Amino acid sequence: MRKATVSALSLTLSFLLLACGGRVASSPTSTISVSCSLPVITWTKNGGTAASQSGFISMPTGAFAPDPAGAYGPTYDWANRRWLPVPAPQVLPDGSMYAYEVELQDRPGYQLHAVWVENGADKMIYDMPYDKAYSIVAMKPEGIYLVPIFHRSGEPGGLWLLSSTRATLTAVPGAGDTSWRVVEGGAAWGGPVGGDSLDRLDLTTGEVTTWFRHAIAPELGIGASNGPRVMGFDLSGHPLVEFVPEGASASEVWLVSSPTEATRLTGLPLPSVLQPGVTDKHGTWFVGADGFYLYTDGAFHRAAPMPPGPVGDFAVAGGCA
């Protein structure tokens, strides 16, 4: 893999990095041999309707096998061998419990529930008024991290922790008004709404550090910011970031190794919408435009092609085992 080191002073606005600059990693598409089953969800659109299905991609052939039980969910829990109805961040790291929120039908308001996966026990753990509502960012052993639903709570940003031992909600020190989107590795990741930076909040010290800054494209009319988005983490816990640079019509993927080191990654043919990756012992799994890719050892490697015949869109639902 060839890498070119460049100074931030020589970058144009469309490639504005942090003061210490960044690297562009240029690597051809490569392959890797891994033998395992990758949980995925797939969906196809037929007019105004969409059909969804859960199953497994066989590595390295790319063959798709639907779940024989017909179960469906965005996350596969290998520990209990079942599909869960919530995204992976809402599941405890050991897979034993997940959290979800529900809007009440009998009165204005919302509730947070916790579900024990092994026996299906469902417990309401927090009641929220309609005008003080929060959504789940992540479920961790210390509790559930929440962000305000702006049009309900009036809060522009910030981060709160619902204690796992007491039904108390406390503001996370240092969170301010930033929009926090990911909690992983003892830190929260986010940035100003519509902004051009990726910030890291240390959950122990409350210190906020800007890890990545780049001039971004204006809104593309899809109702979402094109600012840096954390799409996953490598085996060292460094974020893999996607964004649309200023003056471009397609997104880029960068590995951000520190507040002063960022590497643009190539070798992953991007689909129309890049779905979040999932990290396991092999590396980080992504769905590319022409197959399933593993990010490891500083590069993307194609581990399997797309299944033969007409296929829909895919998203990774768990680690490969």
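Select Leu255 to begin: this residue belongs to strand 22, which spans residues 252-258. Strands here are DSSP runs of E with at least two residues, while helices are runs of H or I with at least four residues, and both are numbered from the N terminus. The model on display is predicted; local features need pLDDT of at least 70, side-chain atom pairs count only at pLDDT 80 or more, and totals for chains, interfaces and linings use all residues. Residue numbers start from 1 along each chain as its sequence is written, and side-chain values use heavy atoms, with hydrogens and water left out.

**First stop: Leu255**

Is Leu255 buried or exposed? Its relative accessibility is 10%, so Leu255 counts as buried. The term buried means under 20% relative accessible area, exposed means over 50%, and partly exposed lies in between, with a 1.4 Å probe and protein chains only. Next, show the residues around Leu255. Apart from neighbours within four places in sequence, Leu255 is in contact with Asp234, His238, Pro239, Leu240, Glu261, Ala262, Thr263, Leu265 and Tyr295; contact means heavy atoms within 4.5 Å. Then add Val241, which is 14 residues from Leu255 along the chain. The C-alpha atoms of Leu255 and Val241 are separated by 6.3 Å.

**Second stop: Thr296 and Asp297**

Move to Thr296, which is part of strand 26 (residues 291-296). Thr296 has a relative accessible area of 10% and is therefore buried. Which residues does Thr296 contact, leaving aside its neighbours within four places in sequence? They are Ile32, Leu235, His282, Gly283 and His301. For His282, display the backbone oxygen: this atom lies 3.4 Å from a polar atom of the Thr296 side chain. A polar contact is a pair of N or O atoms within 3.5 Å; within protein, one must be able to donate a hydrogen and the other to accept it, and residues adjacent in sequence count only if both atoms are side-chain atoms.

Now select Asp297, in the loop between strand 26 and strand 27 (299-305). Asp297 counts as exposed because its relative accessibility is 73%. Its phi is near 55°, a positive value in a residue other than glycine.

**Third stop: the disulfide**

Select Cys36 and Cys320, which are joined by a disulfide with an S to S distance of 2.0 Å. The rule applied is a pair of cysteine sulfur atoms within 2.5 Å, and by this rule the count comes to one disulfide. Cys36 lies in strand 4 (residues 36-46) and Cys320 in the segment after strand 28 (313-316), so the pair ties together parts that are 284 residues apart in sequence. The torsion about the S-S bond of Cys36 and Cys320 is about 100°, so this disulfide is right-handed. Cys36 and Cys320 are both buried.

**Fourth stop: two sets of paired strands**

Select strands 12 to 15, which form an open sheet of four strands in the order 12-13-14-15 with antiparallel pairing. Strand 12 (134-140) and strand 15 (169-171) stand at the edges with a single partner strand each, so one side of each is left without a neighbour in the sheet. From one strand to the next, the twist averages 30°. Angles run from 0 to 180 degrees between N-to-C directions, and axes are lines fitted to C-alpha atoms, for helices over the stretch in contact. Two strands pair if DSSP finds at least two bridges between them. Strand 14 (residues 160-163) pairs with strand 15 in the antiparallel sense over three bridges. Within strand 15, Ala171 stands opposite Trp160.

Next, highlight strand 10 (residues 109-116) and strand 11 (residues 122-129), which run antiparallel and are joined by seven bridges. Gly109 stands opposite Pro129 in strand 11. The hairpin of these strands has five residues between them, and Gly120 takes a positive phi near 75° there.

**Fifth stop: two more loops**

Select Met59 and Pro60, joined by a cis peptide bond with omega of about 10°. Pro60 sits in the loop between strand 5 (49-59) and strand 6 (64-66).

Arg81 is found in the loop between strand 7 (75-77) and strand 8 (82-84). Although Arg81 is not a glycine, its phi is positive, at about 50°. With a relative accessible area of 59%, Arg81 is exposed.

**Last stop: the whole protein**

Finally, show the full model, which has one helix and 28 strands. Of the 321 residues in the protein, 49% are buried. Among contacts between residues at least 6 apart in sequence, 41% join residues at least 24 apart.
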